[in-house]
Amino acid sequence: MFGKKREKAQEPQPEMKEYIPGGGGGTIVTKSILNGTSKLKWLFRQEAGQGNGWVAFGDRDSQAYVDDPNNMVIVAFNTLANIEPTVANVFYMPVGSDLEFRSDKTGKYFVDTKTGKEIREPVKHPGQIAFEKNLKFLNQETYPTSFFEGLFTGKARIEVIRAGEADFPTGEVVIADPIAYLGTRYETVLDRRIPAGSYPVELSVCRSQIVGLRIAAARILLSDRQPVRYEIAMPRGNEREDLGKPGVFTFFGVDTGLACFADARASEEYRDFFEKWMSEDPKRNKWIDYFAALFQKSYEERPESQNRGGSYLEWRLPVTGLRAVLFSSGMGDGIFSAYWGLDEEGEPVCLTAPFMNPEFF
């Protein structure tokens with residue numbers, strides 16, 4: 001009105017759904033798929049390709065068409081998934097995958113052109129597959145000596161580092177989540193005592209292409225003698241013969257992604273210290289208001305063997321200065337067991353807590 005042209009109302013754009021967190025990375029797609037002149041037909045993942053390596057061709061794309069780089073465009077994988085959601089099922093398939101998309105009366109699915117196998121369900125992330133295998137592997141009664149040796153031999157992808165020393169004035173060994181369970185009735189005190197003293201703590205650091213830097217295992221070195229066998233560490237009041245009896249558990253729980261080696265006296269001091277610390281301000285958080293800064297300092301001092309924010313810490317308790325060593329527990333929360341490494345005479349020479357089998361990662 002009044003000589004002005006009425007502007008045409010813009011149609012609302014459909015909301016982009018996030019099938020893969022973060023967009024899924026750059027994906028090469030023919031323009032014909034994007035503009036709707038063809039439908040998805042071929043999907044393959046190339047090595048050292050652009051972005052995530054996935055490339056998508058349409059059912060009407062000729063060889064001459066795809067040979068022209070002007071007909072290709074890089075978009076987020078989620079852009080392709082919003083055109084054809086079935087692609088989200090195969091996102092985590094490895095480099096070298098060559099797939100044909102099909103749609104018939106049985107549904108929408110992919111066929112592996114190399115094997116002829118139909119893919120109708122979401123393919124799990126490699127990290128999820130490894131995690132599930134690892135979960136089944138942990139907490140067995142025993143493992144071959146070669147498994148423990150492999151954790152601390154510095155082979156491919158494994159680096160052995162010394163995280164610090166822990167003091168054991170009573171010789172009673174406590175393994176626990178230092179944020180959730182240390183100093184509580186839920187900590188695990190081991191039945192076997194070690195000679196009073198101070199002992200180095202080593203970590204097996206795994207550098208995985210799937211899950212990044214992780215601490216695969218931690219151990220206390222009690223002697224320079226070599227272990228010839230390993231046996232599971234029993235909680236206080238139980239012997240190995242009690243394995244399998246109702247109410248007898250050999251594992252310790254982790255609920256904050258951290259574990260630690262400490263002496264029973266250090267555990268008592270820890271409890272007393274934090275009871276007083278919390279009474280001064282009940283809103284305080286152990287991690288945010290206390291340990292986070294200490295782990296960050298540890299990272300800044302040794303960034304080459306830790307994730308940002310810190311992966312391990314030699315901590316001196318504020319009152320007596322007793323040392324405990326805290327460290328990340330593999331893939332995070334879970335239940336884990338420790339194992340005594342014994343010499344030919346059956347005497348302990350180390351105590352190892354495995355969190356991961358590096359072979360899976």
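Two strands count as paired if DSSP finds at least two bridges between them, and with that in mind the tour of this predicted model can start at its open sheet.

Select the strands of that sheet to begin: there are 7 of them, arranged in the order E4-E1-E3-E2-E5-E6-E7, and their pairing is mixed. Colour strand E4 (72-76) and strand E7 (118-119) next, since these stand at the edges with a single partner strand each, so that one side of each has no neighbour in the sheet.

Move then to strand E2 (residues 40-45) and strand E3 (residues 54-58), which run antiparallel to one another and are joined over 5 bridges. Within this pair, pick Leu 40 and look across to Gly 58 in E3, which is its bridge partner.

Now select Thr 30, which belongs to strand E1 (residues 26-30). Thr 30 is buried, because its relative accessible area is 0% and the cut-off for that word is under 20%. If you show what surrounds Thr 30, leaving out neighbours within four places in sequence, you will find contacts that include Phe 57, Gly 58, Tyr 65 and Met 72.

For the last stop, go to Arg 214 in strand E12 (residues 212-221). Arg 214 is partly exposed, with a relative accessible area of 26%. A polar atom of the Arg 214 side chain lies 3.1 Å from the backbone oxygen of Val 211, while the residues that Arg 214 touches beyond four places in sequence include Ser 204, Cys 206, Gly 330 and Met 356. Finally, select Met 16 as well: Met 16 and Arg 214 are 198 residues apart in sequence, and their C-alpha atoms are 34 Å apart in space.

Terms used. Residues are numbered from 1 along each chain as its sequence is written. This is a predicted model: local features need pLDDT of at least 70, side-chain atom pairs count only at pLDDT 80 or more; totals for chains, interfaces and linings use all residues. Side-chain values use heavy atoms; hydrogens and water are left out. Helices (H or I, at least four residues) and strands (E, at least two) are DSSP runs, numbered from the N terminus. Buried means under 20% relative accessible area, exposed over 50%, partly exposed in between (1.4 Å probe, protein chains only). Contact means heavy atoms within 4.5 Å. A polar contact is a pair of N or O atoms within 3.5 Å; within protein, one must be able to donate a hydrogen and the other to accept it, and residues adjacent in sequence count only if both atoms are side-chain atoms.
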